[in-house]
Amino acid sequence: MKLILHSLQDMEYEEDGNDLSMEEMAEWFAGKWGVPLEAYIESMTDCLKREGAVPQWYVITDEEAENPKQIVAGAGVIANDFHKRPDLTPNLCALYVEEPYRRREIARTLLDFICDDLSAMGVERAYLITGHTAFYEKCGWEFYGMIEEEDGNRIRMYTRKTEELAPISR
């Protein structure tokens, strides 16, 4: 297993077809979360405009897999992850690790990388919503409280200062 972390904003595309495309990334995320493909395409297109720290998209591929372009994990950063607290921004979203790759510190590594990347862009704090309890706390996130989602349900919100991390080499 040889994992490679890709930031959409830093990816350079060659015309040989060997690189992972934005559309492939968007399809992967849409397939995991049931959010319309068009929403991911729009957000990723905005990411590529490089107009600010948000949105951002990240994926991890396994260079030794049968298909080296196969995404094994990913996450994004958006302004608001479908909740009624627009002041709590930016939000880490869509964190997913494929089943065979779980319990290998991949999610923690991705979370740390994203927070480091946000810190480098001047973002001091990040937020996320989740139904999970202990996982994010083990990864250095603090429980913020219960907040209301757009559909009226309540969900757990976590927060983390981005500058607490040691620099990650790229």
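So, helix α3: residues 106-120, which makes 15 residues, and from first C-alpha to last the helix reaches 21 Å. That is close to the 21 Å expected at 1.5 Å a residue, where the expected span is 1.5 Å times one less than the number of residues. When I say helix or strand, I mean DSSP runs, numbered from the N terminus: H or I of at least four residues for helices, E of at least two for strands.

Before going on, a word on what you're looking at. This is a predicted model, where local features need pLDDT of at least 70 and side-chain atom pairs count only at pLDDT 80 or more, while totals for chains, interfaces and linings use all residues. Residues are numbered from 1 along each chain as its sequence is written, and side-chain values use heavy atoms, with hydrogens and water left out.

Back to α3. Its buried residues include I106, A107, L110, L111, F113, I114 and C115. Buried here is under 20% relative accessible area, exposed is over 50%, and partly exposed is in between, with a 1.4 Å probe and protein chains only. After the helix comes G122, with a positive phi near 90 degrees.

Now, what does α3 pack into? The largest nonpolar core has 27 residues, and L92, L95, L110, L111, I114, Y136 and W141 have the most contacts inside it. A nonpolar core, by the way, is a set of buried Ala, Val, Leu, Ile, Met, Phe, Trp, Tyr and Cys residues joined through side-chain atoms within 4.5 Å. Strands β2, β3, β4 and β5 and helix α3 each supply at least two residues of this core, and α3 gives the most, with 8 residues. Take L111: leaving out residues up to four places away in sequence, L111 touches L92, L95, F135, Y136, C139 and W141, a touch being heavy atoms within 4.5 Å. Apart from this core lies another, of 18 residues, with L20, W28, A30 and I71 among them.

How many disulfides are there? The count comes to 0, a disulfide being a pair of cysteine sulfur atoms within 2.5 Å. The closest cysteine sulfur to that of C115 is in C139, and at 10 Å that's too far for a bond. C115 is buried at 1% relative accessibility, and C139 is buried at 4%.

On to charges. Side chains of opposite charge can pair when their charged atoms come close. The whole structure has 10 salt bridges, each a side-chain nitrogen of Lys or Arg within 4 Å of a carboxyl oxygen of Asp or Glu. One of them takes us back to α3: R160 pairs with D112, closest N and O atoms 3.0 Å apart. R160 sits in strand β7 and D112 in helix α3, so this pair ties together parts that are 48 residues apart in sequence. R160 is buried, at 6%.

Another one joins E63 and K2, at 3.3 Å. E63 is in the loop between β2 and β3, K2 is in the segment before β1, and they are 61 residues apart. E63 is partly exposed at 44%, and K2 is partly exposed at 42%.

Last stop, T61, in strand β2. Is T61 buried or exposed? Buried, at 4%. Its side chain makes a polar contact of 2.7 Å with that of H6. A polar contact is a pair of N or O atoms within 3.5 Å; within protein, one must be able to donate a hydrogen and the other to accept it, and residues adjacent in sequence count only if both atoms are side-chain atoms.
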